[in-house]
Amino acid sequence: MPVNVTEQQIVLTAIDRVSAVFAGVERSIGSVTSEFGKLAAIGGAAGAIGGFVGLIKNAIDLGDATLKMSEKLGMSVEQVSKLQFAFHLANVDADKFKAGMKGFEVSLIAANDTTTKSSRLFRALGVDIAAGPAEAFRQFAEAFSKLPEGQLRAAVATEILKKAGLDMIPGLVGGAKALDDAGVAAQKLGIVMSTDFAKQADEFNQKLKQLETGSTRLGIALANPLLSPLIALADRMGQASQKGNIWAQAFQEINNNVAVLITSLHELLGIKLNPQLEAAFEHGFQIPKDPTSGKIKGSQTCRVDP
């Protein structure tokens, strides 16, 4: 005799079975989340320490570079440091500033020969090259600020500061006062580099270069006590990465349990589902509306054969 099984009965039974699967999935996701939380905490601490070390190393490198620039320009470290800040305020890139100051150095050297174009231009601008590089640059900036905007400024900047001349213009238009004001501001902010700091930075980097000659031996010595914890950390990260595929595994598990559910219905009811209805369950519950298999809609029932 045919047995009528309501859609509600089928769905409720499916929900009971699949709910258990979701509970397991939720526990698995919670475990993965916990693992990633631990890794995030470790990574956050390491990132903070790395950022702090990087900040110090950047300051050291800047001090070393400022010392070398001051030696080439014949200015003090403090003077170069103040100029760096002034052009930074004018949004002039650090590399452009360095190139522009190198161009100024070349022009100053060339100006010692009174027959050169640089010498004639400095005299026309009222710049006293004998006053020293720092004061000569200050005078140049003041004279430049009084030039009319346009091609003349561009030509003068390119002639004196060479390739970076055009990029340096924003830092020159304020004249000597803008440079002086920036220097005072840098002093108040505590960012004017001292000669002593710059020399120590240079010495530190020199020591690092000496260590590089024995870098292989030093690297082994430093890495040896760290290898075991690093391997353990890498292993845990690999495990966490594999657990990151938990969603795919979860849905595969759900799919498998749907098949188990169909088998359980067979055993529970002692019946054999209509082949078309069984196929519909196996293909995502897309039940065909066929007279031989019944219609599942609203509270209607479907027919199953004994």
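1. In which helix does Ser81 lie? In this predicted model, Ser81 belongs to helix α2, a helix that spans residues 77-89.

2. With a relative accessibility of 5%, Ser81 counts as buried, because buried here means under 20%. When its neighbours within four places in sequence are set aside, the residues in contact with Ser81 are Thr66, Ile191, Val192 and Met193. For Met193 there is a further detail to look for in the structure, since its backbone nitrogen lies 3.0 Å from a polar atom of the Ser81 side chain.

3. A second serine worth finding is Ser70, which has its place in helix α1, residues 7-73. Ser70 also counts as buried, at 5% relative accessibility, and, apart from neighbours within four places in sequence, Ser70 is in contact with Met75, Ser76, Val77 and Val80.

4. Turning to the nonpolar side chains, the largest nonpolar core has 38 residues, and the members that touch the most others are Phe104, Phe137, Phe140 and Met168. At least two residues of this core come from each of α1, α2, α3 (94-111), α4 (117-125), α5 (133-145), α6 (151-161), α7 (165-172) and α8 (175-189), with α5 giving the most, namely 6 residues. As general background, nonpolar side chains in soluble globular proteins tend to be buried together.

5. To see one part of this core in detail, a student could start from Phe140, one of the members that touch the most others. Leaving out neighbours within four places in sequence, Phe140 is in contact with Phe104, Phe122, Leu125, Val127, Val156, Ile160, Leu161 and Leu172.

Terms used: Residues are numbered from 1 along each chain as its sequence is written. This is a predicted model: local features need pLDDT of at least 70, side-chain atom pairs count only at pLDDT 80 or more; totals for chains, interfaces and linings use all residues. Side-chain values use heavy atoms; hydrogens and water are left out. Helices (H or I, at least four residues) and strands (E, at least two) are DSSP runs, numbered from the N terminus. Buried means under 20% relative accessible area, exposed over 50%, partly exposed in between (1.4 Å probe, protein chains only). Contact means heavy atoms within 4.5 Å. A nonpolar core is a set of buried Ala, Val, Leu, Ile, Met, Phe, Trp, Tyr and Cys residues joined through side-chain atoms within 4.5 Å. A polar contact is a pair of N or O atoms within 3.5 Å; within protein, one must be able to donate a hydrogen and the other to accept it, and residues adjacent in sequence count only if both atoms are side-chain atoms.
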